[in-house]
Amino acid sequence: MDTIAPAQPAQTVYVRPSSLTDTPMHYCPGCTHGVAHRLIAEVMDEMEIREKTIGVAPVGCSVFAYNYFNCDFVEAAHGRAPAMATGIKRVLPDRIVFAYQGDGDLASIGMGEIMHAAGRGENITVIFINNAIYGMTGGQMAPTTLPGQKTTSSPNGRDVEQMGFPLHMSEVLAKMEGSGYIVRRSLHDPKNIRLAKKAIRMAFETQMRGLGFSMVELLSTCPTNWGMTPVEALGWLEEHMIPVYPLEDFKVSSALTGLKF
Amino acid sequence: MTRELLEGNFAMAEASVRAGVEAYFGYPITPQTEVLEWMSHRMPELGRAFLQAESEVAAINMVYGAACTGARVMSSSSSPGVSLMMEGLSYIAGTELPVVLIDVVRGGPGLGNIAPSQGDYNQIVHGGGHGDYFPIVLAPASIQEAIDLTVLSFDLAEKYRAITVVMADGSIGQMMEPAELPPMQPVKTTRPDWAVAGAEGRERRVLTSIYLKPEEEEVTNYRLVERMFQIQANEIRYREYYLDDAEFVVIGFGTAGRVALSAVRSARAEGIHVGLFRPITLSPFPSTQIESLAKHTQAMLVVEMNTGQMLDDVRLAIKGQVPVEFYGRLGGMVPFPDEILDEIHRMVRGPLPPDGDPRKRWMLRFTPGRV
């Protein structure tokens with residue numbers, strides 16, 4: 001076809017990271033798991049660690065995370081990912097080991113394992129997907145469910161008298177001397193997604209430098225179980241979750257000072 | 001190498017080290033804590049991985065992770081701790097990973113006590129974790145056997161990608177006997193082709209126990225049962241004592257078998273043609289061997305430190321061909337040779353009913369709590 005302007009070569013401006021496989025994801029429309037997966041994969045590409053990374057998949061909606069990441073992966077029992085990651089890191093200390101966990105996996109059944117992995121200062125990275133609900137099993141209450149939030153196992157809204165208050169895992173784990181980098185970010189808009197990626201990079205850098213346990217808590221949406229559209233869900237996160245779960249740096253090892261991405 | 005006076009727990013731990021174990025994750029629990037304590041000193045000394053986990057749940061999952069890398073890895077525990085490990089063991093079996101577990105059995109159920117018992121036979125031999133899987137189970141009756149079987153367990157686990165349990169009881173763990181440790185084997189430098197380590201220069205590998213499509217899970221389950229039959233064809237182990245001309249056979253494993261041997265020797269000295277069959281592999285179970293013994297004997301006496309768990313596997317093997325009697329001590333009690341000698345006399349005297357539950361007959365003549 002003739003044109004007046006000279007033809008220019010096509011320029012690639014956006015591409016699937018090589019750390020992601022070419023597999024359609026099974027997540028619901030509007031689920032932020034896909035975003036979280038991509039950010040981790042981009043960081044793995046940029047740090048060139050794909051070939052020495054081993055991931056640990058949880059039980060939850062992301063149980064098949066290993067279908068989407070193009071690196072060695074293992075499947076943990078519910079809540080046990082930090083223990084499994086510990087076993088791998090202790091025998092292969094020069095590899096990068098990360099665990100990907102939801103709020104039930106990490107803060108409910110896995111409470112013992114996450115506390116002690118942080119307490120030991122295990123040089124692993126945990127990506128904690130906090131969407132205040134149990135997704136895979138159909139929307140039950142999670143340890144991070146908000147007061148008054150209705151779920152299938154708190155149909156009248158979470159009653160703090162009976163069911164206690166939501167757990168702030170980043171705040172708690174940051175108190176451990178073994179923690180090197182503990183921050184909370186959110187995936188509800190492009191600005192926060194960019195900040196989340198930087199935090200994920202810092203967490204993996206913490207591991208590379210042997211500075212102790214690293215975790216990025218990512219406030220995430222679950223439109224299906226919240227009973228909202230994807231866009232409504234992003235708004236609900238901003239309006240209701242951020243006041244309860246502030247986006248802050250709770251622990252940053254002094255050896256990371258000056259590091260910027 | 002020299003024979004030394006060795007404690008069972010220490011011996012099994014050091015035997016594992018000599019067998020090239022690369023990682024140990026465990027938790028204190030009586031009567032096996034000495035395994036953990038020795039490993040806490042020895043493994044770091046050799047530059048190998050050691051960690052006291054926060055619970056047995058955590059320990060077995062650390063084992064699970066390390067096993068995914070193809071490293072030789074183990075844990076040790078006792079009955080209540082092993083119950084906590086059942087979830088992890090099921091996952092390990094579903095992922096088909098080699099793992100060694102030392103189980104020093106104590107009185108139960110529940111918190112029980114710290115005395116020796118064989119009450120976990122069904123839990124271990126018939127697979128206490130959920131799902132269709134088949135651990136290999138080895139039962140030592142002496143410190144030397146505990147050492148030799150521990151070394152063997154790593155080879156069997158790797159050969160068959162199976163969980164191998166060395167199931168001792170509290171006495172084996174705690175007692176001291178002269179025994180010989182093997183020379184130090186070097187730690188392996190190669191890894192199996194299914195292990196994860198970082199996908200450098202190769203396709204990525206995934207290790208999981210999920211098979212969401214039932215037809216795929218069926219294929220996995222079938223593979224496990226096929227492997228079980230391979231193990232059964234190749235790995236059955238047992239010891240026979242005075243069986244050539246035996247008219248009566250005592251069957252016992254571990255400490256019960258060892259005590260029964262003293263009773264059998266006394267009975268032989270009295271002129272009774274009795275022998276002992278002592279299974280060493282409880283899984284695979286020496287059913288064929290026990291069945292052929294039944295063809296040549298008048299009666300069998302099963303002695304166990306439980307309410308009759310191996311008893312049922314024996315009865316299944318002999319299919320009612322001869323009377324089977326039972327003698328058990330429970331809850332951490334250990335039988336003495338004179339008790340078993342009385343039982344041998346009773347068996348020889350007869351008459352013995354050909355069927356019915358041997359436990360009921362035992363209960364009629366047994367007083368629990370008798371010291």
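1. Helices H1(B) and H2(B) are oblique to each other in this predicted model. H1 covers residues 8-18 of chain B, and H2 covers residues 33-45 of the same chain. Their packing angle is about 40°, and the axes are 8 Å apart. Angles under 35 degrees would count as roughly parallel and 65 to 115 as roughly perpendicular, so this pair falls in the oblique class. The crossing of H1(B) and H2(B) is right-handed.

2. Which residues make the contact between H1(B) and H2(B)? From H1(B) come Asn9(B), Phe10(B), Met12(B), Ala13(B), Glu14(B) and Val17(B). H2(B) supplies Glu34(B), Val35(B), Trp38(B), Met39(B) and Arg42(B). By class, seven of the contact residues are nonpolar, one is polar and three are charged.

3. A second helix pair in chain B is H9(B), residues 254-269, with H12(B), residues 337-349. Here the angle is about 55°, with 8 Å between the axes. H9(B) and H12(B) are therefore oblique as well. Their crossing is right-handed.

4. On the H9(B) side, the contact uses Val259(B), Ala260(B), Ser262(B), Ala263(B), Ser266(B) and Ala267(B). On the H12(B) side, Pro337(B), Ile340(B), Leu341(B) and Ile344(B) take part. How do these residues divide by class? Eight are nonpolar and two are polar, and no charged residue is present.

5. Now the interface between chains. In chain B, 33 residues are in contact with 28 residues of chain A. Several elements of chain B give two or more residues to this side. They are strands S2 (23-26), S3 (49-52) and S9 (206-207), plus helices H3 (56-68) and H4 (79-94).

6. Which element of chain B gives the most to the side that touches chain A? H3(B) does, with eight residues. Taken as a whole, the chain B side has 19 nonpolar, eight polar and six charged residues.

7. Strand pairing also links the two chains. Strand S2 of chain A, residues 72-75, pairs with S9(B). The sense is parallel, and the pairing runs over two bridges. Within it, Phe73(A) stands opposite Val206(B) of S9(B). S9(B) is also among the elements that give two or more residues to the side of chain B touching chain A.

Note on methods:
Residues numbered from 1 in each chain as written. Chains lettered and ligands numbered in written order. Predicted model: local features only at pLDDT ≥ 70, side-chain atom pairs only at ≥ 80, totals over all residues. Axes fitted to C-alpha atoms, helices over the stretch in contact; angles between N-to-C directions. Helix = DSSP H or I, 4+ residues; strand = E, 2+ residues; numbered from the N terminus. Parallel < 35°, antiparallel > 145°, perpendicular 65-115°, else oblique. Left-handed = near helix turned anticlockwise from the far one by under 90°. Contact = placed C-beta atoms within 7 Å. Nonpolar A, V, L, I, M, F, W, Y, C, P; charged D, E, K, R; others polar. Pairing = 2+ DSSP bridges.
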